[in-house]
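Hello,

I am passing on the structure we talked about, and my notes follow below it. Please have a look at both when you get a moment.

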Amino acid sequence: MPTTPATATHSSSNGTAEAIMLELVDENGNTIGTAEKLAAHQAPGQLHRAFSVFLFDEQGRLLLQRRALGKYHSPGVWSNTCCGHPYPGEAPFAAAARRTYEELGISPSLLAEAGTVRYNHPDPASGLVEQEFNHLFVGMAQEQPKPDPEEVGETAFVTAGELAERHDRAPFSAWFMTVLDAARPAIRELTGPAAGW
């Protein structure tokens with residue numbers, strides 16, 4: 001992983017992982033502190049900054065990922081292209097581009113802000129809570145994904161119709177429809193009316 005000012009403080013010289021810290025925010029998205037990642041997701045959850053990325057191919061199909069089975073939170077479920085948390089002090093846009101590359105091996109093009117959404121989604125399977133102020137981004141995937149198997153189980157490009165069918169028969173993340181619906185205006189602007197989003 002390339003070292004940036006944000007990631008330099010999150011890796012240690014002896015190769016051991018340090019605690020990942022998240023940025024806590026108020027209801028308006030203003031930073032009010034930090035918390036360790038797992039602690040922030042313990043019920044009832046602490047409101048923290050997050051991001052969600054939606055990438056599309058030239059045909060207007062959405063790139064989905066199925067979260068790796070080894071993930072501590074929502075393993076094995078389908079979700080949007082990429083989601084995660086900025087490090088404290090890291091811009092959400094930079095975090096979105098960084099994690100998309102780390103998880104899927106692609107650099108998004110035409111990545112644009114698509115607003116924010118605030119939600120509270122408990123995960124019944126794990127007991128963890130997604131209490132998030134989420135920054136949304138839409139863009140293009142102009143290369144084939146090369147997923148990190150520790151992060152991503154598989155990927156699929158789907159049309160709006162195929163997504164509806166898949167959503168009816170496969171488990172999706174608790175937050176997926178909330179972030180998708182919030183990003184739809186920007187998605188329609190990017191993909192055009194014919195794509196059906």
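In helix 3, the buried residues are P92, A95, A96, R98, R99, T100, E102, E103 and L104; buried here means under 20% relative accessible area, with exposed over 50% and partly exposed in between (1.4 Å probe, protein chains only). Please keep in mind that this is a predicted model, in which local features need pLDDT of at least 70 and side-chain atom pairs count only at pLDDT 80 or more, while totals for chains, interfaces and linings use all residues. Residues are numbered from 1 along each chain as its sequence is written, and side-chain values use heavy atoms, with hydrogens and water left out.

Helix 3 itself covers residues 92-104, which makes 13 residues. From its first C-alpha to its last it reaches 18 Å, close to the 18 Å expected at 1.5 Å a residue (the expected span is 1.5 Å times one less than the number of residues). Helices (H or I, at least four residues) and strands (E, at least two) are DSSP runs, numbered from the N terminus. Just after helix 3 comes G105, with a positive phi of about 70°.

One residue of helix 3 deserves a closer look, namely R98. R98 counts as buried because its relative accessibility is 11%. Its C-alpha atom is separated by 9.4 Å from that of P86, and the two residues are twelve apart along the chain.

Now to the charged pairs. Side chains of opposite charge can pair when their charged atoms come close. I counted a salt bridge as a side-chain nitrogen of Lys or Arg within 4 Å of a carboxyl oxygen of Asp or Glu, and a search of the whole structure finds twelve of them. Several involve helix 3: K71, E90, R98, R99, E102, E103 and E151 are linked in a network of salt bridges. Within this network, E151 pairs with R99, the closest N and O atoms being 3.2 Å apart. That pair links distant parts of the chain, with E151 in the loop between strand 8 (129-140) and strand 9 (152-158) and R99 in helix 3, 52 residues apart. Both E151 and R99 are buried.

Another salt bridge joins the side chains of R49 and E23 (2.6 Å, N to O). R49 lies in strand 3 (residues 48-56) and E23 in strand 1, so this pair ties together parts that are 26 residues apart in sequence. Here too, R49 and E23 are both buried.

And which residues pair within helix 5? R184 and D181 both lie in that helix (residues 176-191), three residues apart, about one turn, and their side chains meet in a salt bridge (2.9 Å, N to O). An α-helix has 3.6 residues a turn, so residues three or four places apart point the same way. R184 is buried, with a relative accessible area of 18%, whereas D181 is partly exposed at 41%.

Back at the start of the sheet strands, strand 1 (residues 21-25) and strand 2 (residues 31-36) run antiparallel and are joined by five bridges; two strands pair if DSSP finds at least two bridges between them. M21 stands opposite E36, and L24 stands opposite G33. Five residues lie between the strands of this hairpin, where G29 takes a positive phi near 85°. Strand 1 is mostly covered, with four of its five residues buried.

Finally, the chain as a whole. It has five helices and nine strands, in the order α-β-β-α-β-β-β-β-α-β-β-β-α-α from the N terminus on. Its radius of gyration is 16 Å, close to the 16 Å that the globule rule gives for 197 residues, so the chain is as compact as a globular protein of that length. The radius is taken over C-alpha atoms, and the rule is 2.2 Å times the number of residues to the power 0.38. Along its principal axes the C-alpha trace spans about 45 × 35 × 30 Å. Of the 197 residues, 52% count as buried. Among contacts (heavy atoms within 4.5 Å) between residues at least 6 apart in sequence, 66% join residues at least 24 apart.

Best wishes
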